[in-house]
Amino acid sequence: MSDFTTPFWGYFVGIVAMVGIVWCLWLLYTQRRWLGRAPANQPADTGHVWDGDLTELNNPVPRWWTVMYLLMCVFAVGYLVVFPGLGHYAGTLGYTSADDVRKQQAAQETATRPLYARYEAMPVPEIARDTRALEIGQRLFLNNCAQCHGSDAKGAPGFPNLTDGDWLYGGSPETILQTITKGRHGVMPAWQGVIDARTASDIADYVRSLSGLGVDRSRIFNGKDAYGTYCVACHGVDAKGNQALGAPNLTDDVWLYGSSQRTIEATILNGRDSRMPAQEGILTPAQIRILTAWVWRQSNWNAPEGGTAATGSAGGPGDARPGGAAAAPGATSAAEPHPGPAAASSGAGDAARTLASARP
Ligand code: HEC
Ligand code: HEC
């Protein structure tokens, strides 16, 4: 009923309100000269004189004003009996503004239910062609997702671009729905303690070479060798990643954290750990469906009727990959090296198990 953090403030508010009303009544009482007597022809003089002949009269307060003042005091007392204004006292009506909000929300939900009902059974690609649904999706995205993925859904370092047709987990409507509903937890184990800085640098050179970035060619051979030992378990022999683990494709020059040598070294040595929060308790299934359609649409603008141009294969205008890698090269590479939990003794097998147990 009351949101005060300590009982003190409840009493404080109640006492201040009551003392206020009593004080007003007392003030009226001390100014009661008009009761009883009609004003004299010659009003009383306060006896204060300025500039020789300027005097101050002491007229009684007008009757209409006093009556109004009294009525306001009576109104205040009545109000405080009926509504919650006296600290912890809830008022005889039991009204609370929080209840008011809840009722309005319920009414809003009832009013919008028919609107959402249309989309509950509709296939996602079909929703993605519905202008009304896309408007709702846009608004839901701005309210619930933009703080991480950006208002244009193009992401930021550590937060994937959702418009580029390049997916960590997969871009089919079912996978996106699953991602939004249940959330995701991507873990790249830290290799500090297993891989020395020199070797990490060699691997980074090799990884960069896969995307055709400028590298020290003399180190690629060593790097490739180490990659084969430590990285293939998750990123694959061809380094094209593994959507079941959320392990990114390392050959497409699309980067979650940045493409600089230092950033990749930091990823290898310190690991990465990122979470997409599950939305199932926050949004209704229909809202999640509409959001899925909106997100899917961002990389499937040219989806044909019946739309099956789903998954991760790049294509269409989304392939331009605006933002992505260029966002902030090296932005996260300054992080202090720290031995991650999986650091000390884990080989790739251990790491994969760590990952599996960390996954919801
Ligand atoms: C607190 C930040 C945060 C919020 C809020 C958030 N996300 Fe995410 N999202 C992430 C992170 C981080 C990842 C990457 C997870 C990983 O690397 O395992 C991600 C991944 C995703 C993916 C998978 C992308 C891929 O390449 O497979 C989708 C789809 C997605 N988010 C959609 C949404 C939608 C829709 C919302 C709004 C309901 C949302 N996200 C809200 C942080 C967030
Ligand atoms: C246990 C599985 C696993 C192993 C082993 C692993 N990675 Fe990863 N790696 C991941 C996951 C999962 C991510 C995504 C992390 C995230 O979502 O934040 C990732 C992210 C990365 C990134 C960031 C890519 C980007 O787009 O910014 C690089 C670079 C990388 N790994 C390289 C390596 C290298 C090099 C090795 C070998 C030394 C390696 N990984 C070993 C799972 C693994």
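This is a short exchange about two loop residues and the nonpolar cores of a predicted model.

Reader: Why is Ala239 called buried?
Author: The cut-off for buried is 20 or more other C-beta atoms within 10 Å. Ala239 has 20 C-beta neighbours inside 10 Å, so Ala239 counts as buried.

Reader: Where is Ala239 placed, and what is notable about its phi?
Author: Ala239 sits in the loop between helix 10 (232-235) and helix 11 (261-270). Its phi is near 65°, a positive value in a residue other than glycine.

Reader: What makes Asp253 partly exposed?
Author: Exposed needs 12 or fewer other C-beta atoms within 10 Å, and buried needs 20 or more. Asp253 has 16, so it is partly exposed. Asp253 also lies in the loop between helix 10 and helix 11. Its phi is positive too, near 55°.

Reader: Which residues touch the most other members of the largest nonpolar core?
Author: Trp191, Ala200, Ile203, Val207 and Ile268 do, in a core of 22 residues. Helix 8 (197-210), helix 9 (220-230) and helix 11 each supply at least two residues of this core. Helix 8 gives the largest share, 6 residues.

Reader: What does Trp191 touch, not counting residues up to four places away in sequence?
Author: Trp191 touches Ala200, Tyr230, Ile268 and Leu269. A contact here requires C-beta atoms within 7 Å.

Reader: Which residues does the second, separate core include?
Author: That core has 19 residues, among them Val124, Phe141, Cys145 and Ala286.

Terms used: Residues are numbered from 1 along each chain as its sequence is written. Chains are lettered from A and ligands numbered from 1 in the order in which they are written. This is a predicted model: local features need pLDDT of at least 70, side-chain atom pairs count only at pLDDT 80 or more; totals for chains, interfaces and linings use all residues. Helices (H or I, at least four residues) and strands (E, at least two) are DSSP runs, numbered from the N terminus. A nonpolar core is a set of buried Ala, Val, Leu, Ile, Met, Phe, Trp, Tyr and Cys residues joined through C-beta atoms within 7 Å. Two residues are in contact if their C-beta atoms, placed from the backbone, lie within 7 Å.
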